[in-house]
Amino acid sequence: RHFVCDVLRRHRQLSFDQEKRTTEPFGMTPLLPIAIAFLSHTIPTTTRTAVTSQTARCMSSSSATMDPKYSSLPKLQTPTGEPLPPSSLPSHLSGKRIALYFSAGWCPMCTSFEPSLLAFREAVNSPASNAKNDIELIYVPSDRSEEEILKRTAAMKMLSVPLADGEADRVKARYKIWSGSECGKLGTGRRSGVPALVVLDGQKNGEEMAFLAAESKGAKALEDWDLEGGAGVW
């Protein structure tokens, strides 16, 4: 790289000098073509091919992370609290049915609903199930601390939306679902409290596909999740 820059500087200086002369000194040869020829012959073909291939892979990876359905998701973290990079979302979620689960550990209705929810997930994801696609539940917390969230997500084996930087609050505001204790912060214009689920459509850029009113219907709300056919699969 330094060699090329030096050659270009010398070439520009020679061009400037030539403008002040009426004739070019005998035998002068432009240096830029020599530099190009030198690089073409000294950089191995395999090296040039490897660089080109690596660039193509990087561009392909960037395109994958820009898929609108994955871009529509909030920031996510693993059940133990590690940030989940956007580039890893396809490997975690592709081919699954996805729902946001709005809940809190201090909420008795939530904790009484969760055994049915987890049994439902286990039945659907079982190899013996007739369902063709697994389901993935993403925890949207109304808990009061990150420690409480991680205790619950580790036990329930769920990805979660972090509290940090108001990420969880933005998701709750978007879908108009939050607990009664959060009305002072998020307002009274909610459509539901917790627990509740929102099924996301992977074939329509992550748009809402179904609302499961677990707060009012309990475990029967899970019957409203259409698991037939390919609709909604990520």
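1. **Lysine 157.** Lysine 157 counts as exposed, because its relative accessibility is 60% and the cut-off for exposed is over 50%. The residue sits in the loop between helix 7 and strand 5. Its phi is positive, about 55°, although lysine 157 is not a glycine. Bear in mind throughout that this is a predicted model.

2. **Lysine 176.** Another lysine with a positive phi follows helix 8. Lysine 176 has a phi near 60°, and it too is a residue other than glycine. Its place is in the loop between helix 8 and helix 9. Lysine 176 is partly exposed, with a relative accessible area of 44%.

3. **The chain overall.** The protein chain holds 10 helices and 7 strands. Of its 234 residues, 36% count as buried. The chain exposes about 13,500 Å², and carbon and sulfur atoms supply 58% of that area. Take the contacts with a separation of 6 or more: 57% of them join residues 24 or more positions apart.

4. **Helix 7.** This is the helix that lysine 157 follows. Its buried residues are worth listing: Ile149, Arg152, Thr153 and Met156 are buried in helix 7. Seen down the helix axis, the buried residues fall within an arc of 95°, so they line one face of helix 7. Glu147, Lys151 and Ala155 are exposed on the other side. The cover over the buried residues of helix 7 includes strand 1 (76-77), strand 3, helix 6, strand 4 and strand 5 (159-160).

5. **Helix 8.** The buried residues here are Glu167, Ala168, Asp169, Val171, Lys172 and Tyr175. Check the charged names in that list: Glu167, Asp169 and Lys172 are among the buried residues of helix 8. The buried residues of this helix pack against strand 3, strand 4, helix 9 (183-186), strand 6 and strand 7.

6. **Strand 6.** Is strand 6 buried or exposed? In strand 6 (residues 196-201), 6 of the 6 residues are buried, so the strand is largely enclosed by the rest of the structure. Ala196, Val198 and Leu200 point one way. Leu197, Val199 and Asp201 point the other way, and they are buried as well.

7. **Partners of strand 6.** Strand 6 pairs with strand 3 (residues 97-103) in the antiparallel sense, over 5 bridges. Strand 7 (residues 207-212) also runs antiparallel to strand 6, and 5 bridges join the two. Which residues does valine 199 face? In strand 3 and strand 6, alanine 99 and valine 199 are bridge partners. In strand 7, alanine 210 stands opposite valine 199.

8. **The hairpin.** Strand 6 and strand 7 form a hairpin, with 5 residues between them. Asparagine 205 lies in the turn and has a positive phi of about 55°.

9. **Entry to strand 6.** A cis peptide bond joins valine 194 and proline 195, with omega about 5°. Proline 195 is found in the loop between helix 9 and strand 6. Both residues touch phenylalanine 102.

10. **The core.** The largest nonpolar core has 46 residues. Phe102, Leu197 and Trp225 have the most contacts inside it. The elements that give two or more residues to this core are helix 5 (89-93), strand 3, helix 6 (108-125), strand 4 (135-141), helix 7 (146-156), helix 8 (167-175), strand 6 and strand 7.

11. **Phenylalanine 102.** What does phenylalanine 102 contact, leaving aside neighbours within four places in sequence? Its partners include Val171, Lys172 and Tyr175, which are buried residues of helix 8. Ala196 and Val198 are also in contact with phenylalanine 102, and these two point one way from strand 6. Val140, Ile177, Val194 and Pro195 complete the set.

12. **Serine 91.** Serine 91 lies in helix 5. It counts as exposed, because its relative accessibility is 63%. A polar atom of the serine 91 side chain lies 2.7 Å from the backbone oxygen of serine 88.

Conventions
Residues numbered from 1 in each chain as written. Predicted model: local features only at pLDDT ≥ 70, side-chain atom pairs only at ≥ 80, totals over all residues. Heavy atoms only, no water. Buried < 20%, exposed > 50% of the residue type's maximum accessible area, 1.4 Å probe, protein only. Helix = DSSP H or I, 4+ residues; strand = E, 2+ residues; numbered from the N terminus. Pairing = 2+ DSSP bridges. Core = buried A, V, L, I, M, F, W, Y, C linked by side-chain atoms within 4.5 Å. Contact = heavy atoms within 4.5 Å. Areas by Shrake-Rupley, 256 points an atom, 1.4 Å probe, with all protein chains shown as cover. Arc of directions from axis to C-beta. Polar contact = N/O pair within 3.5 Å; in protein donor to acceptor, adjacent residues only side chain to side chain.
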